[in-house]
Each structure stands twice: as structure tokens, then as C-alpha cells.
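Here are my notes on the model, set out as numbered points. Please read them with the structure open.

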Amino acid sequence: MKVLIADSINQKGIDNLKEYSEVVVQTDITPEELKETINQYDAIVIRSRTKMTKEVIESADNLKIIARAGVGIDNVDLNSATQKGIMVVNTAESTTITVAEHTMGLILAIARKIAIADKSVKENKWEKSKFMGTELRNKTLGVVGMGRIGSQVIKRCKAFEMDALAYDPYLPEEAAKELGIELVDLNRLIKEADFISIHVPLTKETKHLIGEEEFKAMKNGTFIINCSRGGVIDEDALYDALKSGEIAGAGLDVYETEPPVGNKLLELDNLVATPHIAASTNEAQRDAAIIAADEIIEVLKG
Ligand code: NAD
């Protein structure tokens, strides 16, 4: 068995694969080299750099599995892989805790004005009264999308003594009961939540799920956090809601266009912005490599 590591991954995943298979690490492989050599391999590990195009996949006569160490698989031609009988897997669960923790970071940063207070202190100012914050205890968290990350955010918010509501039309009532949360419709969540955290995939259905109408229905003190995909929130409507004080603040890790160069949202003090780093920790990278290796070993074992 022979495995190609085409993008750099944590060494632990490579070591695990080496116990089972010959491993070639070629993280600077060009598209031409990949097309020429791919038929030697039984499995490939990629991240976002390597493109598994129709052309490459058609040359991959021995390939059994494409493992994406990470989440997005838009760099893989899924139709061609299916036609060729090649399994495509990702490691979605590797980033769950990391993204949930980043969400908590944004919740605290916007509730306690941490980013703007930090900037002020570094400018040698001492503006204590300007940074009056909001306590999390007894506030209601509304999670939109109660999957892997949404559930972990709720778990963490419970430790802060927050109440939780969730909207997820695909989650069975039973599953919600087991998690000890109340499933509600989006309207009720939007009206009642003090903090709204978005954890849905971007689909036709979720594009601009939160727009002008939703912001208008929120309480004035509401904070919104998005660590999923930028397109779920209508950014023009968010800008108006933040600027007019219709809502209190927002924490964003993702944007409709990335990087958000020239985005007017970045001018606002009641917005805390991070550059799509919610999944970026050493632990998540390590777990992605280990999970990708495990998936490959399982398939190659048959
Ligand atoms: P998941 O699949 O476990 O959970 C998504 C949940 O959303 C599911 O429970 C699903 O039922 C629900 N859902 C789908 N459509 C919905 C709708 N229209 N309304 C309400 N709920 C709906 O996914 P996850 O691992 O929890 O990740 C959530 C999202 O976070 C991903 O889709 C991805 O876009 C994003 N993400 C971002 C980063 C980052 O770096 N910022 C990293 C990882 C994941």
C-alpha cells in the first residue's frame, strides 16, 4: 500500500500511516506531477491546496480514498470520484471543540468589549466608564444549527449559567431532549435570545437566513456571533442593525467575501472581527491528521 501526503499535515498522522503503509510526503507537488504519479497511490491526504480535479481523478487507477484533513471538500471533483468508486472523506469533527471555544471567545469579547478596550489601553487611555459590559449569567443563548459545534457551544454556555434555545429543523425532538435544550422556531429564537450564535452550513436555504427582518425582530441588546459561513448573514442588514443600535454587537469569524477588505462592517466599534481562524489551533490540526490517517487505514485494511 502506498499513501501520498500532498499537503502538509501534523506529523502524528504521518507516523500513524507509516505503521501501516509506505508513505510519500510531497507537499509541493504540482498539478502536472500529481496527474502523472497519482496512479501509484492507494490513498491521498490533502488539505485545501491540492486540487483533485476530474483529470487527476481519471488517472487515479489504484486510488481508493481521498482524505481531506479538514472540512471543506470543494477542491475535490466529487462526481468523478464517485464514478471511479473512490471514497472521499473529511475530518469535520477535528475542529468541533476548537470552533466552539473560539465562539466563546467572541461571545466574551463582544459582551465585555475586550477588543476595543485593549486598543484603548494600548493607546495609553484609561476609559473605564466607556467599556461597561454585559454579564452572561441568566442570559439566553440562541443557537441556530444544533450540530457538532452548536451542541458544544451550548454545553460551554451552560457553564456560564446561560439558558439555551436552539433552532434546527433537522434535529429530532428526542435528540434535543437528550441534550437538555428547548427546540424552538427561528422567530421565537430571534425574539428571545440575548446572544445568537450561528452554526449552520451555507446552503440555498441558509443564505441570508439572518437579514433585515430578523435584525428588526431582535431585542436592542442582542449580540450575534457567526463562526459558520459569512453568507448566512446579510452583511448590509447587519451593518445597518449595528450602526443604528438595533442590536448591541456582533462577533464575526467569517464574511461574505474573504478577506473582507474594504468591508464597512470593519469600521464599527461594536463588531469584533477575526480572520476565519475559528478552526485554527494546533490541537485541531493534529486531530485532523490523526482522523484522516485512521480513515485511510480503515479503508486500506478493507
Ligand atoms: P454539523 O453538520 O454537525 O451541524 C450543522 C447543523 O445545522 C445540523 O444539525 C443541521 O441539521 C443544521 N442545519 C442545516 N440546515 C439548517 C437550517 N436551514 N436551519 C437550521 N439548522 C440547519 O456541522 P458543524 O460541524 O457543527 O459545523 C457547522 C458549520 O460551521 C459548518 O457547516 C461550517 O460551515 C462551519 N465551520 C466553520 C469553521 C471556521 O473556521 N469558522 C470551521 C468549521 C466549521
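1. Where is the place of Pro 259? Pro 259 sits in the loop between E11 and E12. Please keep in mind here and below that the model is predicted. The peptide bond that joins Glu 258 to Pro 259 is cis, with omega of about -5°. Most peptide bonds are trans, so this one deserves a mention.

2. A second backbone point concerns Lys 113, which is not a glycine and yet has a positive phi of about 55°. Most residues other than glycine have a negative phi. Lys 113 belongs to the loop between H5 and helix H6, the latter covering 114-122.

3. On the sheet of seven strands: this sheet is open, its pairing is parallel, and the strand order reads E8-E7-E6-E9-E10-E11-E12. Strand E8 (182-183) and strand E12 (271-273) are the edge strands, each pairing on one side only. The loop that holds Pro 259 therefore leads from E11 to the edge strand E12.

4. Within that sheet, strand E10 (residues 223-226) pairs with strand E11 (residues 249-252) in the parallel sense, over four bridges. Gly 251 of E11 is the bridge partner of Ile 225.

5. What lies across E10 and E11? Helix H5 (residues 96-111) does, and it also lies across strand E9 (195-198) and E12. H5 runs at about 150° to E11.

6. On the sheet of five strands: this sheet is also open. The order is E2-E1-E3-E4-E5, and the pairing is parallel. Its edge strands are strand E2 (22-25) and strand E5 (87-89), each of which pairs on one side only. From one strand to the next, the twist averages 15°.

7. Strand E1 (residues 2-5) and strand E3 (residues 43-46) are paired in the parallel sense over three bridges. Val 3 has Ala 43 of E3 as its bridge partner.

8. Two helices can be placed against the strands of this sheet. H1 lies across E1 and E2 and runs at about 145° to E2. H12 lies across E1, E3, strand E4 (65-68) and E5, and runs at about 170° to E4. E1 thus has both H1 and H12 lying across it.

9. How do H1 and H12 run relative to one another, roughly parallel or roughly antiparallel? The axes of helix H1 (residues 11-18) and helix H12 (residues 282-301) come within 7 Å and cross at roughly 20°. Angles under 35 degrees count as roughly parallel, so H1 is roughly parallel to H12. Their crossing is right-handed.

10. The contact of H1 with H12 involves Lys 12, Gly 13, Asn 16 and Leu 17 on the H1 side. On the H12 side are Arg 286, Ala 289, Ile 290, Ala 292, Ala 293, Ile 296 and Ile 297. By class, the residues of this contact are seven nonpolar, two polar and two charged.

11. Which residues come nearest to the ligand? They are Gly 145, Gly 147, Ile 149, Tyr 170 and Pro 201, out of 30 residues around the ligand. H5 and helix H7 (148-159) are the elements that give two or more residues to this shell. H7 gives the most, with three residues. H5, noted above as lying across E9, E10, E11 and E12, is thus also among the elements around the ligand.

12. Finally, the make-up of the shell around the ligand: 16 of its residues are nonpolar, nine are polar and five are charged.

Methods
Residues are numbered from 1 along each chain as its sequence is written. This is a predicted model: local features need pLDDT of at least 70, side-chain atom pairs count only at pLDDT 80 or more; totals for chains, interfaces and linings use all residues. Two strands pair if DSSP finds at least two bridges between them. Two residues are in contact if their C-beta atoms, placed from the backbone, lie within 7 Å. Axes are lines fitted to C-alpha atoms, for helices over the stretch in contact, and angles run from 0 to 180 degrees between N-to-C directions. Angles under 35 degrees count as roughly parallel, over 145 as roughly antiparallel, 65 to 115 as roughly perpendicular and the rest as oblique. A crossing is left-handed if the near helix is turned anticlockwise from the far one by less than a right angle, and right-handed if clockwise. Ala, Val, Leu, Ile, Met, Phe, Trp, Tyr, Cys and Pro count as nonpolar, Asp, Glu, Lys and Arg as charged, and the others, Gly among them, as polar. A residue is near a molecule or strand if its C-beta atom, placed from the backbone, lies within 6 Å of it.
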